[in-house]
Amino acid sequence: MADVITTKNSLQVTLGYADGDTGSLVIDNPKASVTAANIDDLNDFILDNNILFSSSGSACTGIIKAETIENEKTKIDISE
């Protein structure tokens, strides 16, 4: 059996909270063409709907940064 290579793409968004805390939201398999406008829309949705809170209960104040991450994994065949 041959080695198997898999690739996983994700969008990681770092969020700020009113208490100064930060947190991350990871979205697996985002569309390939994510734009700054898409991130702005996500930020507006989060803030308008007040849906995310820090572990201490503080409200989210907005997205600090966003980045796409590509992770490649190789499963090595060790069978003989």
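## Loop residues with positive phi

Asn-29 is placed in the loop between β2 and α1. In this predicted model, the phi angle of Asn-29 is near 50°, a positive value in a residue other than glycine. Asn-29 counts as exposed, because its relative accessibility is 60% and the exposed class begins over 50%.

Asn-50 likewise has a phi near 50°, and here too the positive value belongs to a residue other than glycine. Asn-50 lies in the loop between α1 and β3. With a relative accessibility of 42%, Asn-50 counts as partly exposed.

## Salt bridge between β1 and β2

The count of salt bridges in the model comes to 1. The partners are Lys-8 and Asp-28, whose closest N and O atoms are 3.5 Å apart. Lys-8 belongs to strand β1 (residues 4-17) and Asp-28 to strand β2 (residues 22-28), so the pair ties together parts that are 20 residues apart in sequence. The distance of 3.5 Å satisfies the criterion, because a side-chain nitrogen of Lys or Arg must lie within 4 Å of a carboxyl oxygen of Asp or Glu.

Both partners fall in the intermediate accessibility class. Lys-8 is partly exposed at 44% relative accessibility, and Asp-28 is partly exposed at 42%. In general terms, side chains of opposite charge can pair when their charged atoms come close.

## Negative patch on the surface

A patch of negative charge on the surface is formed by Asp-40, Asp-41, Asp-44 and Asp-48. Of these residues, Asp-48 is located in helix α1, which spans residues 36-49. Asp-48 is exposed, its relative accessible area being 67%.

## Nonpolar core

The largest nonpolar core comprises 8 residues: Leu-11, Val-13, Leu-15, Tyr-17, Ile-39, Ile-46, Cys-60 and Ile-63. Three elements, β1, α1 and β3 (60-75), each supply at least two residues of this core. Strand β1 provides the largest share, with 4 residues.

## Spatial relations of Leu-25

Leu-25 is placed in strand β2 and is partly exposed, with a relative accessible area of 28%. Its C-alpha atom is 5.1 Å from that of Val-13, while the two residues are 12 apart in sequence. Val-13 is one of the residues of the largest nonpolar core. Leu-25 itself is not classed as buried, because its relative accessible area of 28% does not fall under the 20% limit.

A further pairing involves Leu-52, which is found in the loop between α1 and β3. Leu-52 and Leu-25 are separated by 27 residues in sequence and by 9.9 Å in space, C-alpha to C-alpha. Leu-52 is partly exposed, with a relative accessible area of 25%. The loop that holds Leu-52 also contains Asn-50, for which the phi value is near 50°.

Terms used:
Residues numbered from 1 in each chain as written. Predicted model: local features only at pLDDT ≥ 70, side-chain atom pairs only at ≥ 80, totals over all residues. Heavy atoms only, no water. Buried < 20%, exposed > 50% of the residue type's maximum accessible area, 1.4 Å probe, protein only. Patch = residues over 30% accessible without salt bridge, like charges linked within 9 Å, V, L, I, M, F, W, Y side chains within 5 Å. Areas by Shrake-Rupley, 256 points an atom, 1.4 Å probe, with all protein chains shown as cover. Lys, Arg positive; Asp, Glu negative; His and termini not counted. Charge placed at Lys NZ, Arg CZ, Asp CG, Glu CD. Core = buried A, V, L, I, M, F, W, Y, C linked by side-chain atoms within 4.5 Å.
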